[in-house]
Each structure stands twice: as C-alpha cells, then as structure tokens.
Amino acid sequence: MNILGINAYHGNASAAIVCDGRLVAAVEEERFNRVKYAAGFPAQAIQYCLKTAGLKLQEIDHVAVPRNPYARIPTKLFYALQMPSFARDRAKVLAKFTGIREALGAAFDSDPAKLTAKFHRIEHHQAHLASAFFVSPFERAALLSADGLGDFASTMWGTGSGNRMKIADAITFPHSLGLYYSGVTQYLGFPKFGDEYKVMGLAAYGVPEYLDAFRDIVRFDAHGNGNGFRLGLEYFIHHRTGPEMSWADAGKTPILGRLFSEEMPRRLGRARAPEEPLEQRHQNLASSLQARLEEVYLGMLKKLAEHTGLSAVCLAGGVAFNCVANGKIFDSTPFERVFVQPAAGDAGLSIGAAYYVWHQKLCKPRSFVMEHSYWGPEFSHEEIRSTIDASDVGRNGYVVEELHEDALNKRAAGMIMDGKILGWFQGRAEWGPRALGNRSIVADPRRPDMKETLNRRIKHREIFRPFAPSILADATGEWFEKSHPSPFMTMAYSVRPKRREQIPAPTHVDGTGRLQTVTRDANPRYWRLIKAFEQATGVPMVLNTSFNDNEPIVCKPQEALDCFLRTQMDALVVGDFLITKK
Ligand SMILES: [Fe+2]
C-alpha cells in the first residue's frame, strides 16, 4: 500500500512516500527550486518521491495532507468575524488546499478525475505528533508539538502507544510559543522567516536581565491541567490583525508579517533595526527570551512526564528545533529518552500525515524506525563523473582525482588536519534543515580561528552564530556532559570543561555544542571519515556545517561544484572524486 504525504501551501513544502509502512523517500521542495523554506505546491518533491518508489501517480492508494479545514471551526469563526481581511487570506489558501487533487493532476499532466487515491486531511499538530512518534524507536512515549500556528493551534500534547496516538489537549490561536519567539526575533531586528535560530545563538552571549518582563510576555496558565501558557496579548498584534503569512507562492521564501505591538518596545526599550549594531542589551534580551522559553517549554514537559508517567518523549513543531532547550530536558524533567525527527518543523508534516493514515486510520502495526535522515536524492558515480567532466574544472586550475574510499578518507582527514575546508558530498541528501554528513562542509574543530575563517571565506553568516561538531557516537560522553544520542543535531550539550580548549571551533561561547552523534550504521562513510580524522589527531569529531552559502543546502553534484567554485573552499569530495586547487 502506497501513501503519499504532501505539505503544500505552507512553509517548508515537502513530500514523502510510505510504502507498506516503510519510508522510501522524503524531501523538501526548496532543494529543487532553490528557494529557502519554499511554500506553494511541492511538485518536484512529489515527482522525486514517486520516481524513487518506482510508482506512477495512479498507483498511490492514499494521499495525506496535513491540514484540516474543519478543525476548530468555532475559534476560526470567532476570529474571522473580528478580522475579515485575515479570514479572506485564509480562505484563499484554503481554496488552494481543496484543489490539491487538481494541482496533482496538473503537475503530472493527468486528469484529476482519474486519480483513484483516497484523500485524507490530517489536522496540523496531529500530523506533527505522528511525524515524531510513529518513526521513533519508542513503543510508548509522551508527545508534544509546539510551533507558530497550524490549523489554528500552536501546541498539542498526548501519548503514543504502539500504533495509536491519544491527544490530551491543545493550545489554540492566538497563544503560541513559536509566535512568541518569532515576535521577539523581529523586535530584535531579525525580520526574515526562519531567523529564530540566529537569536537562539545570540542568547548565549547575554544574561537574562529582562526575565521578569518576559514572564509577563508569556504567562503560565491553568489550561490543560496546568500544562498551558498564554501570551500577554498587549505585546502582540497578530490576534488583532491575524498573523500575516504568505504561503501560496512556491517561488518565494515565505514572509511573516510583524507580530509585536508598541507595548514591547515600551516595556523592553527601543526595537532594533536590522542594520543597527548588536549591543549587550540585545544579547541580554535574547538571553531573556530564551530563558523564558525554556521555563515554559521545560515546565510543560515536566508536567507531561508527571501526568503520563512515561520516560520517553517525542517532540515536533518548530519549537522542537530549539536544541538549547532540548539539551536541558534530561536535567529539568523526568524524561530519560527524547526523539526529535530531523524535519521537526513543517516539512515533517508530509511524513506525519502519511504515517497518521497508515497507523491511526488504517490501524497497521508499527514496523519502521527512522535511524538516519538520508531520504533525499542521490546521484550515481557516472552522473557525478559526467557533471565534473562537463564542468571542465580539470582544465581550469583544479586537479580531479578518483580514489578508493580508504585513500580518499586519509587524504580528506589529512587536509582537514592541515586546516583546509572541505566540501563533502555523498549518497542521499538529508531530510530536514541540517546537513548531517552527506551535504556538509567539514573542517578542523581544534582551530580557534576556524569559525572566523569559515565565515569569511564561505558561509558569510553573523559572527555570533556557532558551528556544530559531528562526533563518533561512542565518544560522546568523553567530550560532552551528556551522552544521549543526538543523530539529527537537535540537542546542545555542554562540552566537558577540560575538553573546551581542544575543540574551540564548535564550542559556543556558553560552552555548549549542538552536536551530531554519528554511528557506523547510520552513515558508514561519514563515520569512517571522522574515524580517519581521529586516527590522525586523537579527536573523534569534525566541525560540520551545511553545504551552502546563503541558499538551500546543495542537492545535486552540479550545485556542490558551483558552491565550491564560487566560495573559497580548499577541496571538494564528491562521491569517489577529490577536487583540489592546483
Ligand atoms: Fe507546524
């Protein structure tokens, strides 16, 4: 039985295909159309999923879409009466949504009437919860989804057992931890969609001087057995104007309209304009924002653990990308095991909707665990060779060598050790926003100047943002104060104090690192590269950052080659080929 999950007309448009309960392919549309966080209809992602599964559109039995227009009708009606323009915008998106059958037909040049698949609308947060629980290694777990907004809710929690999920409660519009974080992110002068993780990085430089004010911006609430929160609405405008979001256009990065009211600068001081310098005050504000998020998020998780008595938790929604907060779960709550799916944000909804149908609707037993994130496109040796040949790099100042894996790893590890920056392109592309060793730029974690060098030569990011380490999983406890797996870079742990001097490049100013734990099973080739680096240096990790330069992560060999030639990387490993400057 074949189930196609589609996240369309929403940020991070994506597609995933599940065949007889097994995930076969999953990818974000941005990897194809090269528009960061692309919304719209993910036609290319769907085409890729079908091709990988070897299926025609007519062979799909179920199409699962993570939006249910019938969810929370009373709340929607209440706000629609107050905000007619917002209601009109939502209606437009909804009209697109109800036309998914037609959009599918158009993308595949076939008559929509001939599509035999059954269509399912899965409520947004239930799809989030399904995206984590049904692919987790847990038979039973507590579940929490927290994001900006989806189907008029921002937060949902419950429990999962076997092939069933049970929803306990939800927090609805306008109260939202995601919009809280986005609103303050905007106030701090970071207006772009997806800028929240920059502010999370900035928070480590400050002290939570404004925590009292932030406790007024997000307040605890008795809702849901004391598990809830609500926003101090005087600090926001989205409940009056509707959150302004542009989801329909696949050719553009989504835009989130202004969320904070004049009350925020009145209470916290003048808002920062994007071009203004970052001062200590801004860092303290970011620190306070993060501290309050942690109080509420970890507080909710603690109550969830107490109410359910469960020791494992699955997290989803954009807030689950807050690796700093996630890293504190073990010390702040009774939970002992945590699973965050690599596409915890809205891209993951396509997987969630598909698995929701498979388990919750069709009652099929569990049989799949997501042990790695490599569900995207891959390219054969011959395809890579012809890309390199066509580019003519070999005759334009570069040396192209084809090497056996052992020799290649030794050369690559040696270059990293010598301070060189390497593009590393292997196998299937990662699912989710993090490069996890198949579309990565790797460098020496031991060099204090590597962060600055990477930024100056390649990444051109804000200097306060940290870089991350990929570490051999078995060595985690020797280098970090926690050793719980973090295969998808969704946890930040403290680097052991005595180790911080050894790995200054991926150690953030607060002593933490947003690590990726790498096992031989999950990614043998990347594991062997790190192992070769360990054998040469005694350090079982490399610095890993995504293979891109202010664009979606590269997908094809051609994009890797273009990024390599455009930036000042020293070498590129693509499949079995090593490309270096003459
Ligand atoms: Fe969401």
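Student: Why is Glu 405 called buried?
Tutor: Its relative accessible area is 16%, and buried means under 20%, exposed over 50% and partly exposed in between, with a 1.4 Å probe and protein chains only. So Glu 405 counts as buried. Please keep in mind that this is a predicted model, in which local features need pLDDT of at least 70 and side-chain atom pairs count only at pLDDT 80 or more, while totals for chains, interfaces and linings use all residues. Residues are numbered from 1 along each chain as its sequence is written, and side-chain values use heavy atoms, with hydrogens and water left out.

Student: What makes Glu 405 and Arg 528 a salt bridge?
Tutor: The rule asks for a side-chain nitrogen of Lys or Arg within 4 Å of a carboxyl oxygen of Asp or Glu. Here the closest N and O atoms are 2.8 Å apart, so the pair qualifies. Glu 405 sits in helix α18 and Arg 528 in helix α22 (residues 524-537), 123 residues apart, so distant parts of the chain are linked. Helices here are DSSP runs of H or I with at least four residues, strands are runs of E with at least two, and both are numbered from the N terminus. Arg 528 has a relative accessible area of 28% and is therefore partly exposed.

Student: Which residues does Asn 409 contact, leaving aside its neighbours within four places in sequence?
Tutor: They are Trp 424, Arg 528, Leu 529 and Ala 532, where contact means heavy atoms within 4.5 Å. Asn 409 also lies in α18 (residues 405-417), and at 3% relative accessible area it is buried.

Student: How many salt bridges are there by this rule?
Tutor: The count comes to 32. Another of them joins Lys 482 to Asp 331, at 3.1 Å between the closest N and O atoms. Lys 482 is in the loop between α20 (476-479) and β17 (493-494) and Asp 331 in helix α15 (residues 329-332), so this pair ties together parts 151 residues apart in sequence. With a relative accessible area of 62%, Asp 331 is exposed.

Student: Why is the site of the iron ion called irregular?
Tutor: Let's start with the donors, which are N, O and S atoms within 2.8 Å of the metal (3.2 Å for Na, K and Ca); water is not among the atoms, so sites may look incomplete. His 124 (NE2), His 128 (NE2), Asp 147 (OD) and Asp 346 (OD) lie 2.0 to 2.2 Å from the iron ion. Four donors count as tetrahedral if all angles lie between 85 and 135 degrees; four count as square planar and six as octahedral if opposite donors are over 155 degrees apart and all others between 65 and 115; anything else is irregular. The angles among the four donor atoms are 87 to 161°; since 161° lies outside the tetrahedral range, that name is ruled out, and the site is classed as irregular.

Student: How are the donor residues of the iron ion spaced in sequence?
Tutor: The pattern is H-x3-H-x18-D-x198-D. His 128 in helix α6 (residues 124-133) and Asp 346 in the loop between β12 (337-340) and α16 (349-361) are 218 residues apart, and both are buried.
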